[in-house]
Amino acid sequence: MDYIRLEAWVGGEWLAVEAVSVTDGESEGESLSLSFAPQRTESGYRTLIWEPLECFLREYRDEPIVLVPAGNRLPVMFGPGAAGPFRLGRTSEG
């Protein structure tokens, strides 16, 4: 069975993304994160992943964003307004 997942262009390749986070400087350094589980349908992807991600990136566009790739990869930090690009990817792993 195929799954839909969030991917980001990082270091010259598309990597599956487990989470996107930001440290909110106004709330004593608390971290705010969105996590992304693979979805079975594109509509699930849009409602549970893409729309929240768009809102998150819009709200925190002036803060550095940290992407957490799936697997044993180190987190990647993007400067304010520079996170992405993102895309929809298909995989057989859930």
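In this tour, helices are DSSP runs of H or I with at least four residues, strands are DSSP runs of E with at least two, and both are numbered from the N terminus. The model you have open is predicted.

**Stop 1: the whole chain.** Show the protein chain as a cartoon. You should find one helix and six strands, and following the sequence gives the pattern β-β-β-α-β-β-β. The C-alpha trace spans about 45 × 25 × 20 Å along its principal axes. For 94 residues, a compact globule would have a radius of gyration near 12 Å, and the 13 Å of the protein chain agrees with that. Of contacts between residues at least 6 apart in sequence, 59% join residues at least 24 apart. Buried residues account for 33% of the 94 residues.

Next, colour by pLDDT. The protein chain averages 83, and 91% of the residues score at least 70. Among the elements, strand β3 (residues 30–35) has the lowest mean, 82, while β5 has the highest, 91.

**Stop 2: β1 and its partner.** Select residues 3–10, which are β1. Six of the eight residues of β1 are buried, so the strand is mostly covered. Now add β6 (residues 86–91): the two strands pair in the antiparallel sense over six bridges. To see one bridge, pick R5 in β1; its partner in β6 is G89.

**Stop 3: the loop before β6.** Select P85, which lies in the loop between β5 and β6. Look at the peptide bond leading from G84 to P85: it is cis, with omega near 5 degrees. For context, most peptide bonds are trans, and most residues other than glycine have a negative phi.

**Stop 4: the β4–β5 hairpin.** Select residues 65–69 for β4, of which four of the five are buried. Strand β5 (residues 76–78) pairs with β4 in the antiparallel sense over three bridges. I65 has F78 of β5 as its bridge partner. Six residues lie between the two strands of this hairpin, and G71 in the turn has a positive phi of about 90 degrees.

**Stop 5: the core.** Which residues touch the most other members of the largest nonpolar core? Select L6, V20, F36, I65 and L67: these do, out of 18 residues in that core. The elements giving two or more residues to this core are β1, β2 (13–24), α1 (42–59) and β4.

Keep F36 selected and show what surrounds its atoms. Leaving aside residues up to four places away in sequence, F36 touches L6, V17, E18, A19, V20, I49 and L53.

**Stop 6: aromatic pairs.** Ring pairs are taken here as those with centres within 6.5 Å. By this rule there are two aromatic pairs. Select W9 and W14: the ring centres are 5.3 Å apart and the planes meet at 65 degrees, so the pair is edge-to-face. W9 counts as partly exposed because its relative accessibility is 37%, and W14 counts as partly exposed at 29%.

The other selection is F56 with Y60, a tilted pair with 5.2 Å centre to centre and 50 degrees between the planes. Are F56 and Y60 buried or exposed? Both F56 and Y60 are buried.

Notes: Residues numbered from 1 in each chain as written. Predicted model: local features only at pLDDT ≥ 70, side-chain atom pairs only at ≥ 80, totals over all residues. Heavy atoms only, no water. Phe/Tyr/Trp six-rings, centres within 6.5 Å; stacked < 30°, edge-to-face > 60°. Buried < 20%, exposed > 50% of the residue type's maximum accessible area, 1.4 Å probe, protein only. Pairing = 2+ DSSP bridges. Core = buried A, V, L, I, M, F, W, Y, C linked by side-chain atoms within 4.5 Å. Contact = heavy atoms within 4.5 Å. pLDDT = per-residue confidence, 0-100. Rg over C-alpha atoms; globule rule 2.2 N^0.38 Å.
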